[in-house]
Amino acid sequence: MKETIQDNKFVELNYKVLDEKTGEVLSTVEFPLSYVHGADRVLAAPVTAELEGRAEGDVIKIPIDGNLIYGARDEN
């Protein structure tokens, strides 16, 4: 049985950010991101919540609204 992600567990993860419309890879990590789940505020709350209970090898998909992060797009 695989260990699951829960509070106070050391976690390493790889991720990439994709443009949902084009499928283009916008960002990826070269080395795993490490943090202690529930203790470090490294990731956004929706990401942390989605990782809870997951195990090694699991893949998650989380939509990210750029407007919430960066504000509304300015075409100027």
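Good morning, and let me begin with the surface. Ile-64, Leu-68, Ile-69 and Tyr-70 together form a nonpolar surface patch with about 540 Å² of accessible area. Patches here are built from residues with over 30% relative accessible area and no salt bridge, like charges being joined within 9 Å and nonpolar side chains (Val, Leu, Ile, Met, Phe, Trp, Tyr) within 5 Å. The accessible areas follow the Shrake-Rupley method with a 1.4 Å probe, and for residues only the protein chains shown count as cover.

A word on provenance. This is a predicted model, in which local features need pLDDT of at least 70 and side-chain atom pairs count only at pLDDT 80 or more, while totals for chains, interfaces and linings use all residues. Residues are numbered from 1 along each chain as its sequence is written, and side-chain values use heavy atoms, with hydrogens and water left out.

Returning to the patch, Ile-64 sits in the loop between H1 and H2. Helices (H or I, at least four residues) and strands (E, at least two) are DSSP runs numbered from the N terminus. Ile-64 is classed as exposed because its relative accessibility is 55%. The classes are buried under 20% relative accessible area, exposed over 50%, and partly exposed in between, with a 1.4 Å probe and protein chains only.

The same loop between H1 and H2 holds Gly-57, which is exposed at a relative accessible area of 64%. From Gly-57 to Ala-45 the C-alpha distance is 21 Å, for 12 residues of sequence.

I turn now to the largest pocket, which contains about 1900 Å³ of space. Its lining comprises 42 residues, and those closest to the centre are Tyr-15, Lys-16, Ile-60, Lys-61 and Ile-62. On a 1 Å grid over the protein atoms alone, a pocket is an open set of points with protein on both sides within 12 Å along at least five of seven lines, and lining residues have an atom within 4 Å of a point; a cavity, by contrast, is a set where a 1.4 Å probe fits but cannot get out. Grid points are joined across faces, edges and corners, and the volume is the space filled by probe spheres set on them.

Which elements each supply at least two residues of this lining? They are strand E1 (10–13), strand E2 (16–18), helix H1 (45–51) and helix H2 (66–70). By class, the lining has 24 nonpolar, 5 polar and 13 charged residues, where Ala, Val, Leu, Ile, Met, Phe, Trp, Tyr, Cys and Pro count as nonpolar, Asp, Glu, Lys and Arg as charged, and the others, Gly among them, as polar.

Within strand E1 lies Glu-12, exposed at 53% relative accessibility. The C-alpha atoms of Glu-12 and Tyr-35 are 6.7 Å apart, with these positions 23 residues apart along the chain.

Next, the charge pairs. How many salt bridges does a search of the whole structure find? The search finds 2, a salt bridge being a side-chain nitrogen of Lys or Arg within 4 Å of a carboxyl oxygen of Asp or Glu. One joins Lys-9 and Glu-3, at 2.6 Å from N to O. Lys-9 is partly exposed, at 28%, whereas Glu-3 is exposed, at 59%. Arg-54 also forms a salt bridge, with Glu-50, the closest N and O atoms lying 2.6 Å apart. Arg-54 is partly exposed at 26%, and Glu-50 is partly exposed at 30%.

Finally, the segment before E1 contains Asn-8. Asn-8 has a positive phi, near 70°, although the residue is not glycine.
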